[in-house]
Amino acid sequence: MLCDKYREFGKWIIYQIYPRSFMDANGDGIGDLQGIISRLDHIRELGCNAVWLCPCFKSPNEDNGYDIADYRDIMDEFGTMEDMDELIEALHSRGMKLILDLVPNHTSTDHRWFRESRKGRDNPYSDYYYWYDEIPNDWKSCFGGSAWQYDEQRGQYYLHSFAVGQADLNWENPAVVKEMQDIVDFWAAKGCDGFRVDVIDCISKNFETGENGLGPRLHEYIRALFGRREAAHLFTVGEGHTNDPEDFVLHCAAERGELSTLFIFDHMECGRKDKFTPKADSLASLRDYLVKWQGISADNDLLYSLFTDNHDQPQMISRIGNDRGLRYESATDIAMMVYLLKGVPFIYQGQEIGMPASYTSSIADFDDVECLGVYREMDKSLSEEEKLEKVNFGSRDNVRHPMAWDGSANNGFTGDAVKPWLAPHARGAEVNLAADLASDRSVFRFYRDLLALRSAEDAFTDGDFEVISKPEDPYFVFTRTLGGESWAVVCNFEEDQEIRLPFECESPRLSNLGRGEIEGKYMPYECAAAKLISF
Ligand code: TEU
Ligand code: CA
């Protein structure tokens with residue numbers, strides 16, 4: 001049974017915003033906080049009651065905000081602290097929560113701490129980072145190349161697990177722990193209701209075993225951040241790098257005073273580490289991972305994070321759905337598979353209108369530091385066409401094109417005469433909010449009705465999950481049961497299918513193709529939810 005705090009968090013429905021690409025209010029082609037404020041009613045109408053903002057702190061934007069130069073001030077391009085105060089007020093006045101993106105593993109090399117640290121070995125910031133006379137191991141950066149960079153000014157190498165401009169903080173130094181505690185408290189005092197914690201597993205390194213993460217002091221550090229009375233009320237979701245159920249328990253068991261939940265990437269990686277290698281995942285594989293983690297969460301009283309998309313991963317609809325002829329059907333089918341499960345839902349901007357993968361025809365038009373790094377290191381034997389296929393599949397640019405609000409030149413993200421920081425989505429003229437709402441098959445309206453059903457029926461937040469379909473069935477049927485009430489959810493996969501159930505139901509409360517009965521022949525990607533009459 002989930003503890004009361006986690007049951008409360010299980011009622012949050014969190015909308016993830018990539019601020020740079022959400023809405024540009026001042027016409028410079030870059031999304032900003034005032035733009036977000038202008039679109040809050042869209043998020044509220046969707047049925048989300050919380051917002052996760054990707055980093056919006058001072059940054060030189062080598063990694064679009066994940067390279068932070070001042071954790072207590074707002075990135076110039078996004079606005080001012082007054083704008084942030086206005087956004088917090090605007091969220092809270094709508095009964096919505098704010099989750100900020102905390103990046104404790106590294107800072108920008110523009111950060112004051114790093115600028116001081118590189119001056120030498122005898123200043124208070126000297127040991128805020130990892131400095132070595134010689135490269136101590138063969139660690140690689142996630143963005144290509146060595147994880148060690150020589151700094152002329154200091155005359156030593158420093159560690160950067162990501163971009164060269166993202167220097168890893170040395171958490172062995174108690175002063176670093178205190179700095180991060182103060183940053184959490186600073187934003188909590190300003191009204192922040194929780195944190196998404198970037199690469200949390202990396203903050204403890206294991207130089208002996210060669211693991212750049214999941215080190216021996218990891219849980220001590222996480223408890224130092226969130227196990228304190230000042231932080232006990234906060235919602236915290238860690239970006240994990242583990243698919244080990246034991247780690248999920250160690251990070252998130254309520255009595256441990258660490259994190260509320262983790263992003264588990266099992267269903268996103270599907271057993272592979274290289275996300276740039278196109279792989280035909282499937283609705284069946286998504287179902288199997290979801291069933292696995294529903295069981296693990298229930299067995300250990302853990303709050304599971306329900307997500308399929310974010311700012312780093314290819315759109316799920318383009319990975320396992322049919323984003324051309326059956327885009328509405330597959331977007332809504334995947335949504336019903338995921339968001340009526342037990343856990344805390346996360347929806348990434350654009351998912352609510354079934355935004356598919358974009359396409360960029362030249363490497364010169366990609367922006368993302370990871371993508372460009374991976375492209376540079378690609379096997380030289382690959383043709384330009386093969387390389388472009390890989391970067392178009394895995395590049396994070398693909399999910400960072402400006403949000404498509406309407407069919408105008410820049411899709412309503414910014415003025416038509418403005419050049420947005422990244423080109424409009426290749427299918428933005430066809431797939432945008434205005435076109436979706438004008439259609440009699442609106443992904444937005446389905447998401448809205450789905451989230452309303454989830455919020456209205458306690459069985460979907462607090463109820464027990466039971467899988468009804470068999471692993472070999474080419475569809476997914478599960479129930480959610482609370483007290484004397486049970487709901488059936490039926491999600492067909494790619495083929496027409498006759499589906500029978502071992503219990504009787506009312507007519508569907510929600511379905512994506514308007515079916516009148518819960519049993520019978522299902523079209524590809526057809527889905528429905530209905531209350532059981534007897535069970
Ligand atoms: O990503 C962590 C991470 O491991 C990345 O390598 C991510 O998994 C990869 O981009 C997927 O292809 C977090 C943030 O989500 C990401 O946007 C940042 O670039 C990264 O940390 C560094 O802060
Ligand atoms: Ca702007």
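In this predicted model, Gln149 sits across from Tyr158, a residue of β9. Strands β8 and β9 (residues 156-159) run antiparallel to each other, joined over four bridges. They belong to an open sheet of three strands, ordered β7-β9-β8, with antiparallel pairing. The edges of that sheet are β7 (131-132) and β8 (148-151); each has a single partner strand, so one side of each is left without a neighbour in the sheet.

There's another sheet to look at. This open sheet has eight strands, and reading across you meet β13-β12-β11-β5-β2-β1-β15-β14, with parallel pairing. β13 (261-263) and β14 are the edge strands here, and because each has a single partner strand, one side of each goes without a neighbour in the sheet. If you'd like to check one end by eye, find strand β12 (residues 235-239), which pairs with β13 in the parallel sense over three bridges. Within that pairing, Val237 has Thr261 of β13 as its bridge partner. As a general point, strands of a sheet pair through backbone hydrogen bonds, either parallel or antiparallel.

Now for the nonpolar cores. The largest one holds 143 residues, and Leu53 and Met84 are the members that touch the most others in it. Helix α12 (residues 327-339) gives the most to this core, with eight residues. Another core lies apart from it, made of 13 residues, including Tyr475, Cys505, Ile518 and Leu532.

What does Leu53 touch, leaving out residues up to four places away in sequence? The list runs Ile17, Pro19, Leu33, Ile36, Met84, Leu87, Leu98, Ile99, Leu100 and Asp101. So Met84, named above alongside Leu53 for its touches within the core, is also one of the residues that Leu53 itself contacts.

Next come the open and closed spaces. Here are the two largest pockets and the two largest cavities side by side.

| Space | Volume | Lining residues by type |
|---|---|---|
| Largest pocket | about 1,300 Å³ | 12 nonpolar, 14 polar, 18 charged |
| Second largest pocket | about 290 Å³ | eight nonpolar, four polar, five charged |
| Largest cavity | about 150 Å³ | six nonpolar, seven polar, two charged |
| Second largest cavity | about 90 Å³ | six nonpolar, three polar, one charged |

The largest pocket has 44 residues in its lining, and Cys142, Phe162, His241, Lys273 and Glu370 are the ones nearest its centre. Both α9 (266-269) and α13 (369-376) supply at least two lining residues, and α13 gives the most to that lining, with three.

For the second largest pocket, the lining comes to 17 residues, and the closest to the centre are Ser297, Ala298, Lys342, Asp462 and Asp464. At least two of the lining residues come from α10 (283-299), and at least two from β16 (464-467). α10 gives the most here, with four residues.

As for closed spaces, the structure holds four cavities of 30 Å³ or more. The largest cavity is lined by 15 residues, and closest to its centre you'll find Gln315, Gln349, Gly350, Met355 and Val399. Around the second largest cavity the lining is made up of Thr308, Asp309, Met316, Ile317, Ala331, Ile334, Gln351, Gly354, Met355 and Tyr447. Helices α11 and α12 each supply at least two residues of that lining. You've already met α12 as the helix that gives the most to the largest nonpolar core. Met355 also turns up twice: among the residues closest to the centre of the largest cavity and in the lining of the second largest cavity.

Gln315 deserves a visit of its own. Where does Gln315 lie? You'll find Gln315 in the loop between β14 (305-306) and α11 (316-320). Is Gln315 buried or exposed? Gln315 has a relative accessible area of 7%, and because buried means under 20%, Gln315 counts as buried. Setting aside residues up to four places away in sequence, Gln315 touches Asp309, Met355, Pro356, Ala357, Asn398, Val399 and His425. Two of these contacts, Met355 and Val399, are listed with Gln315 among the residues closest to the centre of the largest cavity. Another contact, Asp309, is part of the lining of the second largest cavity.

Methods
Residues numbered from 1 in each chain as written. Chains lettered and ligands numbered in written order. Predicted model: local features only at pLDDT ≥ 70, side-chain atom pairs only at ≥ 80, totals over all residues. Heavy atoms only, no water. Buried < 20%, exposed > 50% of the residue type's maximum accessible area, 1.4 Å probe, protein only. Contact = heavy atoms within 4.5 Å. Core = buried A, V, L, I, M, F, W, Y, C linked by side-chain atoms within 4.5 Å. 1 Å grid on protein atoms, 1.4 Å probe; cavity = no way out; pocket = protein on both sides within 12 Å on 5 of 7 lines; lining within 4 Å. Points joined across faces, edges and corners; volume = space filled by probe spheres on them. Nonpolar A, V, L, I, M, F, W, Y, C, P; charged D, E, K, R; others polar. Pairing = 2+ DSSP bridges.
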